[in-house]
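User: I am new to this structure and would like to learn how its features are read. Please guide me through them one at a time.

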Amino acid sequence: MRDYGVCLWSFGDIPIEKKCQLANEIGVTGVEVDGDLTQNPVELARLLKQHQLKILSVTPNNVDIASSDEKIRQQAENYFLELLDWAFELGVPKICLHGEVGKIRGCGDRARDWEQLVKSTKAVTEKAEKMGIVVVFEVLNRYENHQIVTGEEALRLIRDVDSHSLFVLLDAYHMNIEETNPVATLEKVGNQLGMYHVADSNRQAVGNGHADIKAQIRALHKVDYTGPIIMEMVAEGPDPFTAEKGGNYLEVLTNYYRDSLKQIKIGDEK
């Protein structure tokens with residue numbers, strides 16, 4: 001039976017207890033938690049178990065794993081190495097890895113940028129292999145990071161890193177921007193797909209944009225993807241933690257998630 005989840009970061013700066021309550025109201029079976037190392041992983045695991053929520057993955061802090069500044073790159077790498085220990089205590093099977101969100105230009109030397117990215121990713125996956133944790137590299141878009149913005153680029157990274165613990169995270173929202181054909185991308189990534197995030201083309205509820213989410217879910221079946229479908233949406237408007245047209249952003253977002261979950265489950269039926 002497939003798990004369905006939400007990314008807890010999308011609820012904003014509210015207590016974790018309230019986020020769990022909202023997840024329960026939406027009806028998901030699990031969550032992607034924030035990789036905040038100041039949280040006690042044992043206590044967090046206890047809280048999620050209390051709310052009968054599985055821990056599906058971890059959203060990392062925003063660090064620069066491909067920086068040309070060796071000190072900054074090493075700090076980012078160390079964060080992920082510590083995150084693996086934290087995730088192990090938490091009992092989570094997967095963590096997400098991606099470049100720094102907001103870094104839309106490299107150092108000017110593409111070979112150097114790629115070398116740094118591969119170097120950091122190798123260090124993380126080598127430790128992950130020993131711990132039995134899967135690392136999913138999230139494909140973003142050009143407005144969030146300058147590297148790994150297509151499924152093809154992610155597959156190249158997997159080849160260069162050469163680790164059996166490294167897989168691809170494809171996101172319907174990001175694919176809407178970068179991929180000519182998201183369905184074909186899902187099929188090409190195939191058994192290297194380790195996680196799927198979903199939101200419509202405007203990062204709102206399924207049906208609020210123009211992405212063909214039903215076709216993407218059919219592609220998940222075609223490639224025998226049995227992992228979770230994790231919703232990652234935001235309320236409309238320039239600030240996702242307010243609400244356009246009045247109302248409470250949490251209410252808007254919760255309705256997005258609740259309505260989308262119903263549609264996703266229907267589309268996910270074989």
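Analyst: Let us begin with contact, which means heavy atoms within 4.5 Å of each other. The model is a predicted one, in which local features need pLDDT of at least 70 and side-chain atom pairs count only at pLDDT 80 or more, while totals for chains, interfaces and linings use all residues. Residues are numbered from 1 along each chain as its sequence is written, and side-chain values use heavy atoms, with hydrogens and water left out.

User: Which residues does M131 touch, leaving aside those up to four places away in sequence?

Analyst: M131 touches L84, D85 and F88. M131 itself belongs to helix α4; helices (H or I, at least four residues) and strands (E, at least two) are DSSP runs, numbered from the N terminus. Between the C-alpha atoms of M131 and L83 there are 12 Å, although 48 residues separate the two along the chain.

User: How do the axes of α3 and α4 lie with respect to each other?

Analyst: Two packed helices are described by the angle between their axes and the distance between the axes. Axes are lines fitted to C-alpha atoms, for helices over the stretch in contact, and angles run from 0 to 180 degrees between N-to-C directions. Here helix α3 (residues 70-90) and helix α4 (residues 110-131) have axes that come within 10 Å and cross at roughly 20 degrees. The two helices are therefore roughly parallel to each other, a term for angles under 35 degrees (over 145 is roughly antiparallel, 65 to 115 roughly perpendicular, the rest oblique). The crossing of α3 and α4 is right-handed, that is, the near helix is turned clockwise from the far one by less than a right angle; anticlockwise would be left-handed.

User: Which residues make this contact?

Analyst: From α3 come E70, R73, E77, F80, L81, L84, D85 and F88, and from α4 come Q116, K119, S120, A123, V124, K127, A128 and M131. Sorted by class, the contact of α3 with α4 holds 8 nonpolar, 2 polar and 6 charged residues. Ala, Val, Leu, Ile, Met, Phe, Trp, Tyr, Cys and Pro count as nonpolar, Asp, Glu, Lys and Arg as charged, and the others, Gly among them, as polar.

User: In what order do the strands of the sheet run?

Analyst: Strands pair if DSSP finds at least two bridges between them. In this model 8 strands form an open sheet with parallel pairing, in the order β3-β2-β1-β8-β7-β6-β5-β4. The edge strands, each pairing on one side only, are β3 (54-59) and β4 (94-97). Neighbouring strands of the sheet are turned against each other by 30 degrees on average, direction ignored. Strand β5 (residues 134-138), for example, pairs in the parallel sense with strand β6 (residues 166-171) over 4 bridges, and E138 stands opposite L169 in β6. Helix α7 (residues 182-189) packs on the sheet, where it touches β6 and β7 (193-198), and its direction makes about 170 degrees with that of β6.

User: How do the axes of α5 and α7 cross?

Analyst: The axis of helix α5 (residues 151-161) comes within 9 Å of that of α7, and the two cross at roughly 15 degrees. This makes α5 roughly parallel to α7. The crossing is right-handed, and G151, E152 and L155 in α5 meet T185, K188 and V189 in α7. These residues comprise 2 nonpolar, 2 polar and 2 charged.

User: Which residues of α7 and α8 meet?

Analyst: P182, V183, L186 and E187 in α7 meet A215, Q216, A219, L220 and K222 in α8. By class, 6 of the residues in this contact of α7 with α8 are nonpolar, 1 is polar and 2 are charged.
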